[in-house]
Amino acid sequence: MALKIVKGSIDRMFDKNLQDLVRGIRNHKEDEAKYISTCIDEIKQELKQDNIAVKANAVCKLTYLQMLGYDVSWAAFNIVEVMSSSKFTYKRIGYLAASQCFHEGTDVIMLTTNQIRKDLSSPNQYDTGVALTGLSCFVTPDLARDLANDIMTLMSHTKPYIRKKAVLIMYKVFLKYPESLRPAFPRLKEKLEDPDPGVQSAAVNVICELARRNPKNYLSLAPLFFKLMTSSTNNWVLIKIIKLFGALTPLEPRLGKKLIEPLTNLIHSTSAMSLLYECVNTVIAVLISLSSGMPNHSASIQLCVQKLRILIEDSDQNLKYLGLLAMSKILKTHPKSVQSHKDLILQCLDDKDESIRLRALDLLYGMVSKKNLMEIVKKLMLHVDKAEGTTYRDELLTKIIDICSQSNYQYITNFEWYISILVELTRLEGTRHGHIIASQMLDVSIRVKAIRSFAVAQMATLLDNGHLLTGNTQRNGICEVLYAAAWICGEFSEHLDDPMQTLEAMLRPKVATLPGHIQAVYVQNAAKLFATVLRGQEGATDSQTAQETTQLLIDRLPLFVQSANLEVQERASCILQLVKYVQKLQQKEVEVLEEVTALFAGELNPVAPKAQKKVPVPEGLNLDAWINEPPPSESDSEDEKPKAVFMEEEPRHSRHKEVDEKELARRREVRKQEQANNPFYIKASPSSQKVYQEAPGVEHIPVVQIDLSVPLKVPGMPMSDQYVKLEEERRQKERAEKKKKEKKKKREKRSRGRKADSGPESEEDITPAHMVDIVTEEMPENALPSDDDEKDPNDPHKALDIDLDKPLTDSEKLPVRTHRPPDVLKSPGEEGERAPQEPKKKSSKKEKEKKKDKERKKSKEEKKKKKHRQEKEEEPGETLPEKPVQSAENNEVAAPPATTPAEASDLDFWLSSAPVPPSNQEAPKAEPAPAAEPDSAPEAGPASEPDGPKEAEPEDAKSSKHKKKKQKKEKEEKEKKKRKKHHHHHHHHGDGGGDESVQNGTVGEEEEEEEPLPPMSNYCLLAENDYIKMLCDIQGNLQDGSQVVVSVIFENKSSSFLKSMEFNVLDSLNSKLQRPEGAGPHDGLAVPFQLPPGVSNEARYVFSVQSIVMPQKLKGTLTFIIKSEESSTHEKLDFKLHFTCTSYLITTPCYSDAYAKLLESEDMKGSAVRLEGVSMPFHHLLARVCFHHHFSVVERIDSCASMYSRSIQGHHVCLLVKAADQTVLIDAKCDESSLLGNVLDEIKQTFSQC
Amino acid sequence: MIKAILIFNNHGKPRMSKFYEHYSEDTEQQIIRETFHLVSKRDENVCNFLEGGMLIGGSDNKLIYRHYATLYFVFCVDSSESELGILDLIQVFVETLDKCFENVCELDLIFHVDKVHNILAEMVMGGMVLETNMNEIIMQVDAQNKMEKSEAGIAGAPARAVSAVKNMNLPEIPRNINIGDISIKVPNLPSFK
């Protein structure tokens, strides 16, 4: 026996191994294919032997041949044999071969299931590892289903080497078997905190890959990832997490705010360019997701742009490329910050690296404005001239057109310029994009009426010089523009100066060399021109010119009648006959003008490309229904086409059709055979050129080939450059005229206290050179709303869009291998089940321990009132990982669904308050906060704010400063928590400088979406006299439960200068004006500005308030000095500040589940009010309540809405608004009844005023 | 996700190909050819990213490559991978090869493509990055090789001897057609740990 083995191995020595094969192939360079085929024969022989070593050697060689492109699927079974060898050496060879050539279609793959399972549970970790690696390449849905449970067990293997591979392969399993995602997810999540960094990294990898496709399901993991991000030092992990956050932020703007600070820190601190770059990328994503202004917003953008600039300026081309790539993302939302780096980007256009040039081109697209369009395009035109290689030149060409035509020609102020650019582009030789230029020409001349006469003149010149365009080759794509030129000249021929000449140009014999579809257009439009010429001759005494024209047509058209192109031929012969008839009539001196003109009367309007799709299906029309009785099955063999019209056919018919198609194919084949054998049958049409050459009387026409290497200046065509100059001059003039006006406008803007961005304004000021009326494209009446974002139905990730937060149900578990059908009750504990279950038990024990650890850790980190809730969340997590392991009969009852909202609101809480990151210095400060107050449960809901910018910002140095200040004035222990939350608001407001109500911003946005709302303002008249007008707005201060901010606009109505204004209010017991330290209780506050005539400005005053349940009025005085040229007088104005209860409310969004809980709570006292005679639409009514009374809509169903708001001292106010013809019923609940009563009164008053 | 990893030489001859999605052999060859065509016409001093690998699914994908002496290492990845990260991964891959083969050159890859696969399997699995720490990778590869050797035992010895003899008998083949060592030191690497 032993001898046999030795003998076998000695035999083997002289077998060809892989190295010999490679060597052999290298030695047979000339007849490689032949050599390989002999090798394959040898391999086939080797595979027939029993010796596994020989087989493995053969398979190893096959793997190499597979790489060279040889199909080795025939050896699949042998590969499986080698895979199942007990020796690692051979097993590895087998798995490698399998991973290279197995796929879902390989049928022997189903034989591998048990072998793989055996390998997975092998005591040798490398057997398991090799099996996992192989499986990752060829896993099929069946394998995934059968092995999911085994792999999941491996995720808790003792060896990290196995754990990381098991975790990673789970992604493939999920893809093939989506049902496994939910049962496996808890364990996967657990692996995020695995002690081994490799396993952790793998888990991050998998979850990132999953989340990238269905981000919303993974939002709840954000806190965990956040923790990882702040603690991990592994750049791979960090990059993945940061990329993941980039995908999550668009769904949750609050997350973005939390991220900005740590990301900014990373940007500043990291030395790894890859990490820096990904941070910048994610910050950009965050900034994109934050629609409305955050104060340090612009700083972040500046930082990003700055860092990117450094990248772009770097000598490393890779960094340059990436910098440009990221820049283009910023461009979409913050074009202005990128525009300032125009120089740099234009410079990149000159880079020798084409990738970089293309990226820079992409950027240019977004950087154009009305101001610089001409300049940029001019620069690009220079590049076009310089560019070598048609691909890049074509790219430039399309970019120029893209840039100019973007958003409906938004940036083009001078269409004459654009037309001349297009005409210049026609001089590009060898471009493939002639049709793009052509369609632009058509589009512009159709849709911009004012440009038509200019365009027609240009096109006429183009036609006149048509030979230059067709010059070199027949296939030259540029001749497509002649198509456009001919059509434009024909359709708008009334603008032609000399239609006769154009007509003549269009009928030149040379035209016959153009492609057929262009000739057809020529012919058709020649007829249009003919009509125009006739019209031009109207009233002329002698009809000689008209007759000459007719004669011209009759002379020239026969050329086209002979055309090989069917379209040309048909049109030409039709028109020729028509013209002949006209000639006859002319000779009889009959007036034909009217009839000929009538042929082409009427104007064509542009139709939107989607118009057809949007035509709504009329009611009662079922497009899928048969119009007649379905024809008997035999009869539908011939009519393929009409059948295709019906989208869906009943399966019965489709089967028939299949048969028919086969039958048809057969018949077709027969027919072809017949045709081939039939000498009289003319086979596939010969090329048109050939026909043309054979056509009699044509070949003698001399075709002059002009080879031009220099772009030719076509005589009589304006150069686009001159427009740039003209435009410059024109703008200068305009600017001078506008200067005065503009100044005034700006001043007004400033005085209103809003940040006025001068950028877009000045851009808007550039008026187009001439009246431009872009005719909008026609759409059918009552077009359906757009439904463009269709997902690819074949995307495998679609199946993974699974809610992971829902608790598992009984039916959801991974299939466990059983030897008996599941209905045998006692089976699971027996036989083969034993072995796999034991490690599971072990692992679950370990899990529990780990869980405890984790909990401990968590509770340390997050000393928050939400603690009890977190534990609740933990519970399902605890049970979940085991569940799949258990067999059917001992499954636990699924966790109560109530945990889902709890988890959701946990996320909300995490997002709305800060102290999760362990590095956070605030954590200890937060500790003394009392454990959950009774009303804190619903609080998490209200605290959340899906779109508002004011909640939840990252803590930064500033906020902690504020905090210290506050702590001095600390009043009650209880308020601390609220205060803390409010800090963020404070720093946010303080930084912005304009703590102009953020709420207004929010509502304002809604307003824009909800179209026609009457303009609303919160500013009401405070007092007015001949000199000055005071408007005021009162808002609760978010930072402090006892503060109210009053913004007062002072407007100078007089013609004199107002100065030394002093604002003073008589304090009451309840409310006090906050004065700077050192000031007496009755001192006035100086208004921090002076007012020139006609100017207004805004100042802010903070009042401290004790009780907010009652409205109150404060008396006050404004004193000021009026200074005119000769004198100055002292004046004063009394006013009464009215603090309504509304002004203590703060718009706070609320989720409907939190809202429902709130309503159930017993502390809430109810009240109701009825408003009669309210005739405004319901959404206006809601907008009014939102705007004037600082509510937010929780839910709206038809004409019923629930609304929520919160006072600065934390009272919840809930409204249920119902509207029915002119009557509005408001049911309200609040934990403070007098506050509620007053708020309702104020709401009533608001509506009585309108 | 990494869609494919290709190694080919300056003439487009494949030295190793690993596709993480299934393609027919013909398509694979076509992809290799096309990739070579795209990559080889680029200058030395341009960026290492390329868009538009038409064949491997869609616009989301990028080719990220490095050129070492006679070999191109090309990774085709989608947008979930960090471009600079992958560049570093290529570097780790090549350095690992260098360690495992002791001064790797193209010939090593030509004759031992199976070993290259084994090394790669410890770095990338099913298109996802498994390990980036070179020492860890080398440790696992070595451990497996040791196992292989112990399995071969006495029976393997004669085979090894024969293979050594074969190499000796054909002196013209091994190192004298040396196509040049792969230079590993690349100066402009973004620092990455």
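Where in chain A does Pro515(A) lie? I looked this one up before anything else: Pro515(A) is in the loop between helix H29 (499-506) and helix H30 (516-536). A reminder to myself that this is a predicted model.

**Pro515(A), continued**

I checked the accessibility next. Pro515(A) comes out at 24% relative accessibility, and the band for partly exposed runs between 20% and 50%, so partly exposed is the label I wrote down. Then I looked for a partner far off in sequence. Val568(A) is 53 residues away along the chain, yet the two C-alpha atoms are 9.9 Å apart in space.

**Chain A overall**

I stepped back to the whole chain. Chain A has 1250 residues, and 52% of them count as buried. I noted 50 helices and 15 strands. Its accessible surface is about 60000 Å², with 52% of that belonging to carbon and sulfur atoms. For contacts with a sequence separation of 6 or more, residues 24 or more positions apart account for 71%.

**Helix H24(A)**

How many of the eleven residues of helix H24 (residues 415-425) of chain A are buried? I got ten, so I put the helix down as largely enclosed by the rest of the structure. The buried set has aromatic names in it, including Phe415(A), Trp417(A) and Tyr418(A). Ser420(A) and Glu424(A) are also among the buried residues of H24(A). At the N-terminal end I found a cap: Asn414(A) places a side-chain oxygen 2.9 Å from the backbone nitrogen of Glu416(A).

**Glu603(A)**

Another loop residue. Glu603(A) sits between helix H33 (593-599) and helix H34 (611-614) of chain A. Is Glu603(A) buried or partly exposed? Its relative accessibility is 48%, so it counts as partly exposed; the cut-off for exposed is over 50%. Setting aside neighbours within four places in sequence, I found Glu603(A) in contact with Lys449(A) and Arg452(A). I also noted Glu491(A), which is 112 residues from Glu603(A) in sequence and 8.5 Å from it in space, C-alpha to C-alpha.

**Two positive phi angles**

I pulled up two non-glycine residues with positive phi. His1190(A) has a phi of about 60° and belongs to the loop between helix H49 (1178-1189) and strand E12 (1192-1197) of chain A. With a relative accessible area of 2%, His1190(A) is buried. Glu102(B) has a phi of about 55°, and I found it in the loop between helix H2 (83-101) and helix H3 (106-111) of chain B. Glu102(B) is at 64% relative accessibility, so exposed is its label.

**Chain B overall**

What pattern does chain B follow along the sequence? I read off β-β-α-β-β-β-α-α-α-β-β-α, which goes with the tally of five helices and seven strands. Chain B has 193 residues, 57% of them counted as buried. Of its contacts between residues at least 6 apart in sequence, 57% join residues at least 24 apart. Chain B exposes about 8000 Å², and carbon and sulfur atoms supply 54% of that.

**Where A meets B**

On to the interface. I counted 72 residues from chain A and 74 residues from chain B in the contact. The area buried between the two chains is about 6600 Å², with carbon and sulfur atoms giving 54% of it. Which three residues supply more than any other three of the area that chain A buries against chain B? They are Met67(A), Arg92(A) and Trp236(A), with 12%.

Next, the polar side of things. I have eight salt bridges between chain A and chain B. I looked at the one joining Lys164(A) to Glu136(B), where the closest N and O atoms are 3.8 Å apart; the limit used for a salt bridge is 4 Å, so I wrote the pair down as one. I also noted 34 residue pairs in polar contact across the interface, both residues at pLDDT 80 or more. By class, the side of chain A touching chain B has 31 nonpolar, 20 polar and 21 charged residues.

**Gln19(A)**

Last stop for the day. Gln19(A) is part of helix H2 (residues 18-27) of chain A. Which residues is Gln19(A) in contact with, once neighbours within four places in sequence are left aside? I found Phe111(B) and His112(B). Gln19(A) has 18% relative accessibility, and buried means under 20%, so I logged Gln19(A) as buried.

Conventions:
Residues are numbered from 1 along each chain as its sequence is written. Chains are lettered from A and ligands numbered from 1 in the order in which they are written. This is a predicted model: local features need pLDDT of at least 70, side-chain atom pairs count only at pLDDT 80 or more; totals for chains, interfaces and linings use all residues. Side-chain values use heavy atoms; hydrogens and water are left out. Contact means heavy atoms within 4.5 Å. Buried area is the accessible area (1.4 Å probe) that two parts lose on being put together, summed over both. A salt bridge is a side-chain nitrogen of Lys or Arg within 4 Å of a carboxyl oxygen of Asp or Glu. A polar contact is a pair of N or O atoms within 3.5 Å; within protein, one must be able to donate a hydrogen and the other to accept it, and residues adjacent in sequence count only if both atoms are side-chain atoms. Ala, Val, Leu, Ile, Met, Phe, Trp, Tyr, Cys and Pro count as nonpolar, Asp, Glu, Lys and Arg as charged, and the others, Gly among them, as polar. Helices (H or I, at least four residues) and strands (E, at least two) are DSSP runs, numbered from the N terminus. Buried means under 20% relative accessible area, exposed over 50%, partly exposed in between (1.4 Å probe, protein chains only). Accessible areas come from the Shrake-Rupley method with a 1.4 Å probe; for residues, only the protein chains shown count as cover.
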